[in-house]
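Colleague: I am new to this structure; could you take me through what can be said about it, step by step?

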Amino acid sequence: MSLRTVRALVLRYLYLYTRTPVRIVELIFWPLVHLLVWGYLTRFLQQNIGDDFPHEITFLIGAVILWDILFRAQQGVAIFFLEDVWSRNLLNIFAAPVTNADYLGSTYAVGMMRATVTSVMLGGLSVLFYSFNIFQLSWALIPFVFNLLIFGWALGMISTALIVRWGPAAETLAWAVPFFIQPFAAVYYPVDYLPTALQWIAKALPCSYVFEGMRGVLTDGVVNWKELGIATLLNFFYLGLAGLLFVRVMLKGREKGLLTKFASQ
Amino acid sequence: MHPPVLRVRELTKHFGNVTSVDGVSFDIFRGEVLGLLGANGAGKTTAINMVLGIVTPTGGRIEVFGKELMANRIEVLRQMNFCSTYTQLPGNLRIWQNLKVFGQIYRVPNLNSRIDEVLEMLEISHLKKRVSGELSAGEGTRLNLCKALLNRPRLLLLDEPTASLDPDIADKVRRVVKRIRDEEGTTILYTSHNMRDVEEVCDRVVFMHRGKVLFTGTSEETLHHFKEESLEDVFIRVARGGDIESKGEIEEASK
Ligand SMILES: Nc1ncnc2c1ncn2[C@@H]1O[C@H](COP(=O)(O)OP(=O)(O)O)[C@@H](O)[C@H]1O
Ligand SMILES: [Mg+2]
């Protein structure tokens with residue numbers, strides 16, 4: 001991977017976001033809507049459930065913030081590719097001296113930047129509106145964020161691979177893929193509440209350990225490092241798998257002329 | 001003689017059961033402009049895409065600067081560039097921003113002054129701060145050409161660069177092509193449907209039909225071979241008559 005090439009590809013996104021403020025609005029608007037919905041739902045539940053477990057219920061707000069990290073990281077990777085499709089720039093990039101590693105490295109960087117913008121904003125607003133401080137998670141926050149970013153990148157690569165494979169008609173996968181797994185990811189409720197078969201799916205998804213872990217820390221202040229270790233291992237497995245899938249689809253794409261088909265549509 | 005800058009041997013591409021390029025061979029030497037001609041669907045763009053490494057050949061061999069393309073892809077691409085009617089630069093960026101991004105990708109030294117230079121060359125310096133998506137088709141093509149010249153490529157691939165240009169701008173583009181060939185010794189592969197382009201800038205031409213090379217030679221040799229008055233006539237004949245060899249046969253065929 002060449003840092004100079006990555007810097008150039010990322011620069012393009014910085015120019016894009018400063019040139020088109022609408023995209024920043026999109027980056028801020030949707031997470032904000034989510035926070036407000038779940039935030040007020042939390043307040044409503046807190047006031048009606050009584051004092052039995054007022055703390056635990058704030059995990060809904062934590063879930064909004066953490067889910068958004070995964071989602072933005074995934075988006076960064078998938079939209080990176082689509083931006084080039086939309087602007088008919090795809091061949092300019094793929095016929096330039098850019099390796100797969102440069103390309104993926106740039107998408108990770110953009111994913112991380114998007115996640116940083118939204119999580120800082122959500123973190124600040126949740127303190128302000130709902131007195132929920134994400135830093136309650138203390139040091140556990142670091143492995144949580146790390147795991148969510150990696151899984152987001154992996155899902156992003158899978159989204160892009162599917163879009164290349166199935167063509168522009170599959171574009172909506174860029175937004176849909178994270179939501180395919182959301183029901184099983186134990187984002188807003190514990191894994192135990194899923195039927196047994198689905199619990200297995202949950203256990204195969206690294207992000208479910210993060211959301212379980214977050215609830216654990218908020219309820220009894222204990223970090224389950226063993227589970228986080230499992231999540232990290234699973235993550236590296238998925239990241240590698242998604243990387244292989246991406247490289248393979250790009251090879252196939254060159255064979256079947258899929259990249260040039262995108263360009264001529 | 002130096003080895004060719006681009007050597008293509010028995011290049012073949014099948015898309016499923018469609019054969020787009022069928023055993024194509026040619027060489028381009030340093031400082032030469034080679035015209036790749038043929039009707040729509042002849043396989044010109046597919047051939048160019050294979051030289052760019054964005055389409056993998058089904059068979060055959062491509063050597064650029066004496067090196068096998070796919071094994072040296074990044075190194076080779078850094079000294080190559082292209083401009084095609086099928087691509088654009090991101091419309092939401094300003095012209096200088098787009099050129100800055102691609103200049104960095106191609107590792108262009110003294111990038112800022114090189115950007116001014118190429119804008120000057122294509123006479124669009126006044127558009128430097130404009131948003132790329134707001135350019136007219138002709139201005140957009142010239143911006144694409146700026147991107148293609150940015151890294152002073154040793155091998156330049158131009159896929160119908162004059163397709164959407166008015167005669168005045170097309171003339172300017174031809175002059176730029178001749179200028180970089182003469183001043184920098186750039187080697188150029190050029191596709192066009194405009195025979196005026198070809199007569200003016202191409203040192204040699206390759207006529208393709210349904211994926212195959214029909215004839216390779218200078219303009220004069222081509223006219224002589226096909227016994228026609230102009231390249232335009234040759235083009236029409238090739239497009240309609242396919243690989244029929246002589247004028248007599250094609251007249252036979254049309255009876
Ligand atoms: N990605 C692709 N998938 C399937 N067929 C393709 C693809 N690209 C080109 N072709 C086919 O290959 C043939 C040659 O096309 P092309 O190289 O674009 O010709 P030209 O540039 O000479 O007009 C056409 O029949 C076209 O439909
Ligand atoms: Mg073409």
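What follows is a short exchange about a ligand site and a pocket in this predicted model.

Colleague: Why is the site of ligand 1 described as shared between chains?

Modeller: Among the 14 residues around ligand 1, those that come nearest are S20(B), G41(B), K44(B), T45(B) and T46(B). The surrounding residues nevertheless come from two chains, so the site is shared between chains A and B.

Colleague: Which side chain has an N or O atom 2.6 Å from an oxygen atom of ligand 1?

Modeller: Backbone atoms can be set aside here, although a backbone N or O atom of G41(B) lies 2.7 Å from a ligand oxygen, and one of A42(B) lies 3.2 Å from a ligand oxygen. The N or O atom at 2.6 Å from an oxygen atom of ligand 1 belongs to the side chain of T46(B).

Colleague: How much of the area that ligand 1 exposes when taken alone does the protein bury?

Modeller: The starting point is ligand 1 taken alone, which exposes 560 Å². Of that area, the part buried by the protein is 71%.

Colleague: Which element gives the largest share of the shell around ligand 1?

Modeller: Two elements give two or more residues to this shell, namely α12 (258-263) of chain A and α1 (44-51) of chain B. The largest share amounts to three residues, and the element that gives it is α1(B).

Colleague: How many residues of the shell around ligand 1 are polar?

Modeller: Sorted by class, the shell around ligand 1 has three nonpolar and three charged residues. The polar residues in that shell number eight.

Colleague: What is the volume of the largest pocket?

Modeller: This pocket is the space taken by ligand 1, and its lining consists of 25 residues, with T260(A), T45(B), T46(B), N49(B) and Y86(B) nearest the centre. The volume of the largest pocket is about 460 Å³.

Colleague: Which element gives the most residues to the lining of the largest pocket?

Modeller: At least two lining residues each are supplied by α12 of chain A and by α1 and β6 (80-84) of chain B. By class, the whole lining has nine nonpolar, 11 polar and five charged residues. With four residues, the element that gives the most to this lining is α1(B).

Methods
Residues numbered from 1 in each chain as written. Chains lettered and ligands numbered in written order. Predicted model: local features only at pLDDT ≥ 70, side-chain atom pairs only at ≥ 80, totals over all residues. Heavy atoms only, no water. Near = heavy atom within 4 Å. Polar contact = N/O pair within 3.5 Å; in protein donor to acceptor, adjacent residues only side chain to side chain. Areas by Shrake-Rupley, 256 points an atom, 1.4 Å probe, with all protein chains shown as cover. 1 Å grid on protein atoms, 1.4 Å probe; cavity = no way out; pocket = protein on both sides within 12 Å on 5 of 7 lines; lining within 4 Å. Sits in = over half its atoms within 2 Å of the grid points. Nonpolar A, V, L, I, M, F, W, Y, C, P; charged D, E, K, R; others polar. Points joined across faces, edges and corners; volume = space filled by probe spheres on them.
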